[in-house]
Structure formats: structure tokens, C-alpha cells
Amino acid sequence: MSPSLGLRVRDWGLEILQTAFRLLPWPTEPGLRSIGTPDESSPVLLTCNYALTVRRLVATLEGCDAWLVVAPTAGINVWCAAAGGHMSTHQIVSALKTSGVAERVRHRDVILPQLAATGVLALEVFRRCRWRVRFGPVSASDLPAYLASGEKTDAMRRIRFSLRDRLEMAASWAAPTALVVGGGALFIRPEWALPLMGLVVAMAVLVFNVYDRLGPRRKTTFALGASVAALAVTWLAGGAAAALATAAIAACFVSALLTYDYTGSTPIEGGSHFEERRWTIAFDLERCDGIFRCWEVCPEACFEKLESERKVALAHDDRCIRCGACIVQCPQDALFFEDEAGARIEPDVIRKYKLNLLGRRSIDAH
Amino acid sequence: MSSLALMRWLEGRPERYDAGMRVLTCGRIARLHAAVAEAAVRSAGDHVLEIGCGTGTVTTLLHARGAHVTAIDQAPEMLEQARLRLPDDESIVWIEQTAAEIDRLPPSRFDAVVLCLCLSDMSPNERAFVLREAVLRLAPGGRVVAADEVRPNGWRGWLQRLWRIPQAALGWLLVGSLSRPIRDLAGELQAVGLRVSGAGTWLLGTLELVVGEREP
């Protein structure tokens, strides 16, 4: 039965609101949901309790029969929750034990989003509650094909940053920033509120569509470009010296704000803000026994299989975004973070304290 | 606020947790903790299971009253803070695990199970599971001591709804928690077969302590 007009309007309203403010947690009720008419042999999927993710996942799976376990992850999306410790082995074990899914199926196989690999130890989940974890595709849109074929293609393994993703991230940064900037302007120069909000939106769209393509000095380039553009627009509009200066300062401020923590909003390594980013991924070939878990969970396809030797090669470490998924999943502890002087952060420390460079950034204490 | 700033703020959560809770409860938290410890330990030597021990504030009070405490929490950072509070002592066992894994602990072992401000962090499914399993861990005549944020009736409930908006934002920033008030704490304890007695309320009835006794 198709949903009523009222429900569809409500869903669209929520979709717009939660996309615009997706940097906030949007919790939905954890627990077990049925998709279609699942039975005791249907696949079990598990995801976060971020409302936007759950709603889109349910829509994507229309026509499939599956059980969906929604884990309590503080209303945060999969990658952020996994990197920050809100979607860890604990939450997965708890959800599998308390949701009642074990009474609904005969098997004990659960499919998690690949990006959860940063925080969830698959082997530990099995040890603690006897459920076997498989990491499915990165993107929910690939799930129907994955469920139908049982195969995860190379494309399903890689993270994409499509135009739609870029525009969504732009909206999520622009909406709250425009509200703050526009609201502040209302108290000082009300006639500037709308132009400033427009400037914020335009720059957010530019940041997420141009910024990562500008090369290593992208922040400076972008701030200068934005300032010059703001000055030009103000001058062409007949602005006075004070207005020109204000536009330039506003442009610098907004571009710095929007590009400050760019890495946290995209799968692209920003590079220069934190001393900790001197840490890079390192690999002990001797320890590798060719299980290929790193290859399986790397969202940037940094690894290549050397089938004949039962080993992997860290062939594309330049792509590494240091999410730590490979380190967390390797049962042989063959991967770790290392700095230029050779100091290591061992896998157990990374697993315990979520010291991936998308999540926790403080490493000095450990 | 940049997501980086938010993350950095939350990284120090365990160190900030106690101060954050004092702010969020207008200083009433200390009285609640004392009442929980008093209700849980009836005589020195009691065995107490504390679920969600956090930074060990209640653990310290239980220990001071002479209890043997098994304290569990899923956050390693919280357990580290808790260990700093209390010296190595064989009367305290620290376990890093989820509340849902208390089914791995021996049955009929404890004189009391303490759940202080952790049930409201759980989903309804988790709460039902944990309370069922908690009852099975109790020795005959043992008790569940549950203290948490609840939703009072009438005007206090409406006042709480208004206060929840800034409080939820503050709670997220200070302690990284998105707890939700429990509608009927006593009812949830009764639903698992416990005989319930209310033991106190604070902050206009929004914090409640309930003791549920297992039949001897």
C-alpha cells in the first residue's frame, strides 16, 4: 500500500530539515524492523539510528525481504558514529542481543555497512554473541544488488563523493551558518542579512564542489578567491569603502569557517590543520597472512591482493584517509599508524580509544 | 560550531562528565548518588552489581559502605576515570562490557543491582532485556535500585518538556548523552516481577529513585 499524501509530505519535510541540519544528531527508535515479508532465512541488516539513514535505507530496500536491526548510536550517522565510538562493538552486540532478531531467524549472519568497520570489531562481535559480521557495500543504494548477488563488487567497496553528496554537505553547512550570519546581521544592518546569507550559500556550494580540486594550498587559494569575488560583487553594486571592507572580511571569515574541518564532512583528506596528521598508515608484510580484511573494508581501495603469495600490498597509500578500518579489522595486527621518526600507535590502542584520524584526534595521552 | 570543535569538546568527556552532571542537575546529583548507595547496601559485605558505573562516583559510595562491587561500563575512558578514584582493591571488579551482556554474569549472585542514570540512555528493548537479566542476577530477597530521569505528570511534565530543549543541547555538549526521560520507571520494574517501593524524587519530580525487591 502506498503511503498517504500526508505521510509523504511529512517525510519530505523531514528529509529537507534533516538534510539541512544533518550535522546534528537525529535519533530514531532503535530496534528490529521488517522490510517486506521476511522469514527465518531472510538476511539481517544492521545500521545506525540516524533518522535520515534509516528512512533512506528503508526506501532503498523497497521490494526486498529483510530484517533491519537499528542499533542505538546516539542518532549519529554510520561513519561518524563508528569513528567516534558511538557505533562500536558494544552497540552492535547490545542491538543483536536485545532487539529480538535472534528469535526471528535461523542463521547468525549480519550485514553491516562497510563504513562501520572503523569502529566495529567483527571478530569480537562473534566472540561475544556468536553473530558473524559481514561488511556490505559503502552505499545503501548498492544494497539491493548486493543482496541479490551476494557479491560485493569493487565499485561497492569504494566511497564516492557524488554531486548529490557534495550538494547535501553544502546544504548542511550553509543552513546553520546562514542562520547565524543572517541573524547576526539583522541586529547590525538588517539590509545585509539576505545578501550575507546568499554569500554563505554560494560559498558552501563552491567549497564542496571546487575546494578539493584546488591543490595543496587550497585553503589560501579559496579564501583569496572568495574575498576577491566578494569585493568585485560589492564594487559592481556600487558599494562604499566600508561595504567593500566588510564584504572582504565576511568572505574570509565564511570561507575559513566552511573549510576549517572539511575532512570531517567528506571522504577527502584535508591535510594541514592538525599536527597528528603526520601519522601515516604502515604495514608489516611479515605479519600478513592473506585474510584480506583490510582490502575488504578500505573505502579508498588502498590495498591490492597478491593472491599467489597470500599477501596484500599497500599499493595506494597516497589515497589513505586514515580512517583506521584496516587496522581495526586485521586479526594479525599487521597494520598500524607510524610517524616519520618511526614511532608507532599500536592497533589495540587505536581500537580501544578510536584513534582513527576521522574520529578522536588526541593521541599524545596514549 | 565546527564538527572538529564539537569532537574535541566531547573527547574530554570522562573528565568533564561529573562537572557536567552537576550543572545539568543543578547540584542535586550528589544527593541522588547518596540515596542510591544507601538503598543498595544494607550491610557491609553485600555483593552489588553496578551497571553503567561511569566515572565511579556511585561505586566509591558503595565501596565506602563496605560492599563488594562488580562495576561494569562499556566506555573504557569512563572506566579509566573510575579506576583513578579507587585504589586497587579486591572488593571491586571492573568489567568493560555492555549492560546487555550481564547475562554472562553468574545468576542469583548479587544482593543488589544498581542502575544509576543509565536506563534512560538505553532503548526500550535494551531496558526490558537488562531489567529481566538483572532480576536473574539477584539473590533471593535482593533488590534492583534504579535512579533516573523520569517524566512527571501534570504541569511538571510540561515544564520539563520546555526545559528539555536547552537541556538536551547542553547534555549533548557536556556529557555526550542523548538520554530520554523514562515514562514509568516503577512500572518497568514491576513488569519484571519486582515488588516496588518509591524511595525519593528530586528536581520537581524529574529525577526518581525506585527500589524493586525480589521475593525472598
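Two strands count as paired if DSSP finds at least two bridges between them. With that settled, I started on the hairpin in chain B, keeping in mind that this is a predicted model.

**Entry 1: hairpin in chain B**

I looked up strand β6 (residues 195-202) and strand β7 (residues 207-213) of chain B; they pair in the antiparallel sense over seven bridges. I wanted the bridge partner of W202(B) in β7(B), and it is L207(B). The two strands make a hairpin with four residues between them. In the turn, L203(B) has a positive phi of about 50 degrees.

**Entry 2: other positive phi values**

That sent me after similar backbone angles. Most residues other than glycine have a negative phi. R310(A) goes the other way: its phi is positive, about 55 degrees, and it is not a glycine. I found R310(A) in the loop between β7 (303-306) and β8 (311-314) of chain A. Is R310(A) buried or exposed? Neither label fits, because its relative accessible area is 46%, so R310(A) goes down as partly exposed.

L117(B) is another non-glycine with a positive phi of about 55 degrees. I placed L117(B) in the loop between β4 and α6 of chain B. Its relative accessibility is 15%, so I logged L117(B) as buried; the cut-off for that is under 20%.

**Entry 3: the helix after that loop**

Next I checked α6 (residues 124-137) of chain B for regularity. At 1.5 Å a residue its 14 residues should span 20 Å, and the end C-alpha atoms are 20 Å apart, so the two agree. Then I listed what is buried in α6(B): E126(B), R127(B), F129(B), V130(B), L131(B), E133(B), A134(B), V135(B) and R137(B). I noted that charged residue types such as E126(B) and R137(B) are in that list. What covers the buried residues of α6(B)? The cover includes β1 (47-51), β4 (110-116), β5 (138-149) and α8 (185-190) of chain B, together with α4 of chain A.

**Entry 4: five-stranded sheet in chain A**

I moved to chain A, which has 14 helices and 10 strands. One open sheet there has five strands in the order β1-β3-β2-β4-β5, with mixed pairing. Its edge strands are β1 (31-35) and β5 (132-135), each pairing on one side only. Neighbouring strands in this sheet are turned by 30 degrees against each other on average, direction ignored.

Inside the sheet I picked out strand β2 (residues 44-47) and strand β4 (residues 109-112) of chain A, which pair in the parallel sense over two bridges. L45(A) stands opposite I111(A) in β4(A). The α4 of chain A from the previous entry turned up again here: α4(A) (residues 89-98) lies across β2, β3 (66-70) and β4 of chain A. It runs at about 135 degrees to β2(A).

**Entry 5: three-stranded sheet in chain A**

The other sheet I looked up in chain A is open too, with three strands in the order β6-β9-β10 and antiparallel pairing. β6 (280-283) and β10 (344-345) of chain A have a single partner strand each, so one side of each is left without a neighbour in the sheet. I followed β6(A) to strand β9 (residues 335-338) of chain A and found antiparallel pairing over four bridges. Which residue in β9(A) is the bridge partner of A282(A)? It is F336(A).

**Entry 6: a buried arginine**

R55(A) sits in helix α2 (residues 51-60) of chain A. Its relative accessibility is 19%, so R55(A) counts as buried, with the cut-off at under 20%. Its side chain makes a polar contact with the side chain of E15(A), at 3.1 Å. Leaving out residues up to four places away in sequence, R55(A) touches D11(A), L14(A), E15(A) and Q18(A).

**Entry 7: helix α9 and chain A overall**

Helix α9 (residues 193-210) of chain A has 18 residues and reaches 25 Å from first C-alpha to last, close to the 26 Å expected at 1.5 Å a residue. Among its buried residues I noted L196(A), V200(A), M203(A), V207(A) and F208(A); N209(A) is buried as well.

Last, the totals. Of the 366 residues in chain A, 50% are buried. Chain A exposes about 17,000 Å², and carbon and sulfur atoms supply 60% of it. Among chain A contacts between residues at least 6 apart in sequence, 65% join residues at least 24 apart.

Definitions and conventions. Residues are numbered from 1 along each chain as its sequence is written. Chains are lettered from A and ligands numbered from 1 in the order in which they are written. This is a predicted model: local features need pLDDT of at least 70, side-chain atom pairs count only at pLDDT 80 or more; totals for chains, interfaces and linings use all residues. Side-chain values use heavy atoms; hydrogens and water are left out. Axes are lines fitted to C-alpha atoms, for helices over the stretch in contact, and angles run from 0 to 180 degrees between N-to-C directions. Contact means heavy atoms within 4.5 Å. Buried means under 20% relative accessible area, exposed over 50%, partly exposed in between (1.4 Å probe, protein chains only). A polar contact is a pair of N or O atoms within 3.5 Å; within protein, one must be able to donate a hydrogen and the other to accept it, and residues adjacent in sequence count only if both atoms are side-chain atoms. The expected span of a helix is 1.5 Å times one less than its number of residues. Accessible areas come from the Shrake-Rupley method with a 1.4 Å probe; for residues, only the protein chains shown count as cover.
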